[in-house]
Amino acid sequence: MSKLYLSPPDLADSDHASLHQALESGWVAPVGPHLDHFECRMALEAERSHAVALNSGTAALHLALKLLGVGPGDQVICPSFTFIASANPITYCGAEPIFVDSECSTWNLDPELLERALKNETAVKAVICVHLYGQCAQMDPILSLCADYGVPLIEDAAEALGARYRGRPAGSFGALSFYSFNGNKIITTSAGGMLMTDSEAWAQRAQKLASQAREEVLHYEHLEVGYNYRMSNILAALGLAQLDSLERRVFQRKIHFIAYREQLELQAGLQMMPIHPDGSPNYWLTCLTVDPAKADASPRNIIEALAAENIEARPLWKPLHMQPVFKGCVAYLNGVSEALYATGLCLPSGSNMLQQDRQRVIDCIVSCLKKSNVGNG
Ligand SMILES: *Cc1c(COP(=O)(O)O)cnc(C)c1O
């Protein structure tokens, strides 16, 4: 049986055709018509004035922090419960991450703890919020706190393209927002990212910083240090083709979530990720938590049982305040992220996963629980 992955790339003939067309056009460089077109389409999708295509989501966050002037001596608030790419660029800028725990209803940044951090800390230059697993954070209270304290919000929508909060797209809320098009995300350019903003000045400056900060003169003139962060025109062609089927991708991932929920919530001790009524997720990954006392199996038991069937499953993100690399960083905690890490797992959720493969995952989990039940007698 071929291996079933969490979120593999979902490719079609239209992707090949678009890539072929870009190659034929001769624009084999980080500049060209596909790049311009992809930026326009993404700006429309996110209801933003400007989009800047980059070679990763991490690069987009790094530039967002640079645009806000984050540097040594500054603090940046970041959720603890997220992928490490949400925090690494803070340290690239020489700034200090301040980790804030999650709330239970979306698993994202807890507004109460955010308020406490904003009250206590004296050098906060930016707040990063993340829409984890494709579900939006509680944007209304988060935005109003940022406004009260005069701190700009950066929105990490890497996992959330196609998700909405109260009708508005994830990626439309931050002073600066970004998406990722890594191979495992909802659409992919193999690797890539997109920085979103309504400020023309910021968009122009991001483009310049992403192109070695080259001045607009004939000879090569540089007044500051820049980066090589632009997306290739070839990869933008892939992104354009992928974006055409965004709606189908969200729909198929939602069908997976509903089918998993229907069959797995019947099992004692299993609980799906909560869905907050203010949002409509893109269902990037189906996640659940396991109460080992009621299920007679731990998340690790289930992950191992799935691995034995050649099915990939993983624990939820290990909180960043627990990561050795961030040892000693300030953290505002409430136990939520640690509990999620201890009890949670995510399941194969690709938009190209077949129904029979999804059923294979469900059957394997159910039989793992049964075995443990018999064993514990
Ligand atoms: C994938 C991801 C990123 C980073 O995006 P890359 O394109 O891989 O650099 C950042 N934040 C979150 C939450 C992610 O899942």
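Start by selecting residues 286-290 and 344-347: these are strands β12 and β15, and they pair in the antiparallel sense over 4 bridges. Helices (H or I, at least four residues) and strands (E, at least two) are DSSP runs, numbered from the N terminus, and two strands count as paired if DSSP finds at least two bridges between them. Before going on, note that this is a predicted model: local features need pLDDT of at least 70, side-chain atom pairs count only at pLDDT 80 or more, and totals for chains, interfaces and linings use all residues. Residues are numbered from 1 along each chain as its sequence is written, and side-chain values use heavy atoms, with hydrogens and water left out.

**Stop 1: the sheet**

Stay on β12 and click Thr-286; the bridge partner of Thr-286 in β15 is Leu-347. Now bring in the neighbours: the open sheet has 4 strands in the order β10-β12-β15-β13, with antiparallel pairing. Select 270-272 for β10 and 314-315 for β13, the edge strands, each of which pairs on one side only. Strands of a sheet pair through backbone hydrogen bonds, either parallel or antiparallel.

**Stop 2: two positive phi values**

Most residues other than glycine have a negative phi. Go to Ser-190, where phi is near 75°, a positive value in a residue other than glycine. Ser-190 sits in the loop between β8 (176-180) and β9 (193-197). Is Ser-190 buried or exposed? Neither quite: Ser-190 counts as partly exposed because its relative accessibility is 44%. (Buried means under 20% relative accessible area, exposed over 50%, partly exposed in between, with a 1.4 Å probe and protein chains only.)

Next, pick Ala-213, another non-glycine residue with a positive phi, near 50°. Look for Ala-213 in the loop between α7 (200-209) and α8 (233-243). With a relative accessible area of 0%, Ala-213 is buried.

**Stop 3: the whole chain**

Zoom out and colour by secondary structure: the protein chain has 13 helices and 15 strands. Along the principal axes, its C-alpha atoms fill a box of roughly 80 × 55 × 35 Å. Of the 377 residues, 54% count as buried. If you show contacts (heavy atoms within 4.5 Å), residues 24 or more positions apart account for 72% of those with a separation of 6 or more.

Finally, switch on the surface: the chain exposes about 16,000 Å², and carbon and sulfur atoms supply 53% of that. These areas come from the Shrake-Rupley method with a 1.4 Å probe; for residues, only the protein chains shown count as cover.
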